[in-house]
Amino acid sequence: MVSEFADLAYPDVAALLQDERRTVLLLPFGATEPHGPHAPLRTDTLISLGICKRAAERLEGDPDVRALVLPPLPYGVTRYGAAFPGVVSIGEATLHALVVEIAGSLSAQGFRRIVLINNHFEPQQVQALREAVEESGNGVRLLDLTRRENAKQLTDEFRSGSCHAGRYETSLVLADEPALVRRERMEALESKMIDMPAAIAAGRTDFIAMGMDSAYCGAPAEATAEEGERTFETLTELLIDLVREVAAC
């Protein structure tokens, strides 16, 4: 089974356009930024890619729709972690242009159904993606986990807004690539319940000002692979529902 678009040869890509099954392309977004002393810089990208791969695998036998995963975009608008080593940030205009141009390139070949999957929630990132999707047309959609109807299906920590490299994200990494979590560091971390949306609304624009002196909030020491698998299941269902909606367009 091939679930990644870039693993195809060009005749296979041409064949997709002749198939009765409708193809929806999944474009994962993330960031390269600090996620506490215990989790990898690519945590957000890893989560987005994990959701996409699970959705593509689940839809493999579907008679009406297939999903293929595009190469992820591992850089995002990420300024809040600038005080820490490892941040690689791009601007909103760059992110916007990437989405519009990638979608335009694919659309010109006949691939007009594209779903963006984002797990980096810096407000400027989310807004840039929303605007790019709006510009790109009806066939391009965003799985926006910051929307209330999606967020309410996720964990208590996620809904609290105190989930950067905390129990929520660390559990997902443990479920997908456990070797990347520095467990001794994770288990030594105290709980830091910091409401990031409230801090952002109050004008705090970096982790240090928010009280995140180790680039995390939430309760990473409570993370488990089992919780991560349950959360991945929920996230995968949300994506599959959106894929089916886009395929019907």
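**Figure 1. Glu92, partly exposed at a relative accessible area of 28%, and its salt bridge with Arg79.** This is a predicted model, in which local features require pLDDT of at least 70 and side-chain atom pairs pLDDT 80 or more, while totals for chains, interfaces and linings use all residues. Numbering runs from 1 along each chain as its sequence is written, and side-chain values use heavy atoms, without hydrogens or water. The side chains of Glu92 and Arg79 meet at 2.7 Å, N to O (a salt bridge places a side-chain nitrogen of Lys or Arg within 4 Å of a carboxyl oxygen of Asp or Glu). Arg79 belongs to the loop between strand 2 and helix 3 (92-108) and Glu92 to helix 3, so the contact ties together parts that are 13 residues apart in sequence. Arg79 is likewise partly exposed, with 38% relative accessibility (buried is under 20%, exposed over 50%, partly exposed in between, with a 1.4 Å probe and protein chains only).

**Figure 2. Strand 1 (residues 22-29) and its parallel neighbours, strand 2 and strand 3.** Seven of the eight residues of strand 1 are buried, so the rest of the structure largely encloses this strand. Five bridges join strand 1 to strand 2 (residues 65-69) in the parallel sense, with Leu26 opposite Val69. Strand 3 (residues 114-118) also pairs with strand 1 in the parallel sense over five bridges; here Leu27 has Leu116 as its bridge partner. Pairing requires at least two DSSP bridges; helices (H or I, at least four residues) and strands (E, at least two) are DSSP runs. Helix 2 (residues 43-58) combines with strands 1 and 2 in a right-handed β-α-β unit (clockwise from first strand over helix to second, with the strands pointing away from the viewer).

**Figure 3. The salt bridge between Glu222 and Arg167.** The closest N and O atoms of this pair are 3.1 Å apart. The contact links distant parts of the chain, 55 residues apart: Glu222 lies in the loop between helix 9 (196-201) and helix 10 (225-247), and Arg167 in helix 7 (residues 167-176). Both residues are partly exposed, Glu222 at 43% relative accessibility and Arg167 at 30%. Elsewhere, Arg54, Asp176 and Glu229 form one network through salt bridges that share partners. The whole structure contains 16 salt bridges.

**Figure 4. The largest pocket, with a volume of about 620 Å³.** Its lining comprises 27 residues, and Phe121, Thr146, Gly161, Met196 and Pro197 lie nearest the centre. Helix 4 (123-136), helix 5 (148-151), helix 6 (156-160) and helix 9 each give two or more residues to this lining. Helix 4 provides the largest share, four residues. A pocket is an open set of points on a 1 Å grid where a 1.4 Å probe fits, with protein on both sides within 12 Å along at least five of seven lines; lining residues have an atom within 4 Å of a point.

**Figure 5. The second largest pocket, with a volume of about 280 Å³.** Of the 14 lining residues, Arg141, Leu142, Asp144, Arg147 and Asn150 lie nearest the centre. Elements giving two or more residues are helix 4, strand 4 (140-143), helix 5 and helix 10. Helix 10 gives the most, four residues. Asp144 and Arg147 form a salt bridge, their closest N and O atoms being 3.5 Å apart. Asp144 is buried at a relative accessible area of 7%, whereas Arg147 is partly exposed at 38%.

Conventions
Grid points are joined across faces, edges and corners, and a volume is the space filled by probe spheres set on the points.
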